[in-house]
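The following account leads through the structure shown below, from its overall make-up to its core, its empty spaces and a few individual residues. Please keep the sequence and the coordinates in view while reading.

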Amino acid sequence: VAWFINKSTGKSQSFDKNNESIGLFLFLSGVFFVIAFGMGKPPRDANEWIANRTLEVWRAIFLELAVVCTGLGLYFFSRLISNNFSKTFGRAFLILTLIGVGLTIYDFYWGLFLIPNDIDTWAKEGKDLNQFFSQYDMKNELRGSARCLIYLVSILTFFIGWKLKIIKTWVAVILSLLCVFFLQDVFVPLISDISQINVHIGMVPAVALSPLYLLGVYWIAEYVNKKSLA
């Protein structure tokens with residue numbers, strides 16, 4: 001990946017030390033969400049959920065670490081915006097980031113920590129566990145909104161990075177198009193048929209965080225290249 005990036009056409013501005021920190025946090029998010037992704041699909045049956053409670057808690061921990069790292073990377077990027085582009089835009093970017101990351105943290109916390117307790121309560125009340133997910137409020141409106149905000153903030157990141165000449169045009173275009181595709185994949189069912197939103201690939205946490213992770217890979221490659229030329 002580093003070789004491909006550094007051999008591509010076009011030159012970016014001299015790499016800033018601050019970009020290294022942003023790239024590192026965005027890259028670390030990928031390390032954590034790939035671990036969670038490797039655990040397979042979350043259980044869709046309440047009995048299976050109970051049987052795999054420990055695995056699901058660890059999945060939640062890795063997802064929370066992934067989104068926290070993403071949030072830290074975006075926080076430092078908001079400072080870069082304020083210092084080099086616009087303080088007003090930097091504040092607006094930070095607010096969107098805090099809302100999107102905050103909702104995503106709550107999504108993972110609720111979905112993978114609180115649901116098992118609700119399943120236990122459901123079972124103690126003598127209700128049919130096979131009916132749990134069909135009747136339980138999955139908070140799809142909140143989850144879908146959180147994903148849309150992550151994609152929107154990602155697109156803004158690529159656009160501003162391109163304007164500041166720290167992201168090459170082809171990188172900004174490709175990553176932005178990915179985000180636009182996944183954004184509409186979530187937004188359409190969010191406003192039309194919320195019951196079907198969970199079958200869409202854009203809702204997968206690893207998919208939502210992956211464009212920013214790829215940016216982290218790009219920035220680390222840029223930093224290594226600049227160091228090797230120094």
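**A walk through the fold, its core and its spaces**

α5 gives the most to the lining of the largest pocket, with six residues. The model in which this pocket is found is a predicted one. Before the pocket is taken up in detail, the chain as a whole deserves a description.

The secondary structure of the protein chain consists of nine helices and zero strands. Read from the N terminus, the elements follow the order α-α-α-α-α-α-α-α-α. The chain has 230 residues, and 46% of them are buried. Its accessible surface comes to about 11,800 Å², and carbon and sulfur atoms account for 66% of that area. As for the contacts between residues at least 6 apart in sequence, 78% join residues at least 24 apart.

The buried interior can be approached through its largest nonpolar core, which has 59 residues. Within this core, F77, I115, L215 and W219 have the most contacts. The helices α2, α3 (46–51), α4, α5, α6 (132–135), α7, α8 (169–191) and α9 each supply at least two of the core residues. The largest share, eleven residues, comes from α4. One of the residues with the most contacts inside the core, I115, may serve as an example of the surroundings. Leaving aside residues up to four places away in sequence, I115 touches W49, W110, F132, F133, Y136 and M138.

A second buried position is T97, which lies in helix α5. Does T97 count as buried or exposed? Its relative accessible area is 3%, below the 20% limit, and T97 therefore counts as buried. Apart from residues up to four places away in sequence, T97 is in contact with G71, L74, G102 and V153.

The discussion now turns to empty space. Rolling a probe the size of a water molecule over the atoms shows where such space is left. The largest pocket has a volume of about 690 Å³. Its lining is made up of 28 residues, and those nearest its centre are P42, R44, M203, V204 and P205. At least two lining residues come from each of α2 (17–37), α4 (53–84), α5 (87–124), α7 (140–163) and α9 (205–229). By residue class, the lining of this pocket divides into 18 nonpolar, four polar and six charged residues.

How many cavities of 30 Å³ or more does the structure hold? There is one, and the largest cavity has a volume of about 30 Å³. The residues lining this cavity are T104, F108, R147, I150, P205, A208 and L209. Five of the lining residues are nonpolar, one is polar and one is charged. The helices α5, α7 and α9 each contribute at least two residues to the cavity lining, and α9 provides the largest share, with three. P205 appears in the lining of the cavity and is also among the residues nearest the centre of the largest pocket.

Two lysines in loops call for attention because of their backbone angles, given that most residues other than glycine have a negative phi. K139 has a phi near 55°, a positive value in a residue other than glycine. This residue is found in the loop between α6 and α7. K139 is partly exposed, because its relative accessible area of 25% falls between the limits of 20% and 50%. K165 likewise has a positive phi, near 65°, and is found in the loop between α7 and α8. Its relative accessibility is 52%, which is over 50%, so K165 counts as exposed.

The last position to consider is L28, a residue of helix α2. Its relative accessibility of 29% means that L28 is counted as partly exposed. G73 stands 45 residues from L28 along the chain, and their C-alpha atoms are separated by 9.6 Å.

Note on methods. Residues numbered from 1 in each chain as written. Predicted model: local features only at pLDDT ≥ 70, side-chain atom pairs only at ≥ 80, totals over all residues. Heavy atoms only, no water. 1 Å grid on protein atoms, 1.4 Å probe; cavity = no way out; pocket = protein on both sides within 12 Å on 5 of 7 lines; lining within 4 Å. Points joined across faces, edges and corners; volume = space filled by probe spheres on them. Helix = DSSP H or I, 4+ residues; strand = E, 2+ residues; numbered from the N terminus. Nonpolar A, V, L, I, M, F, W, Y, C, P; charged D, E, K, R; others polar. Buried < 20%, exposed > 50% of the residue type's maximum accessible area, 1.4 Å probe, protein only. Contact = heavy atoms within 4.5 Å. Areas by Shrake-Rupley, 256 points an atom, 1.4 Å probe, with all protein chains shown as cover. Core = buried A, V, L, I, M, F, W, Y, C linked by side-chain atoms within 4.5 Å.
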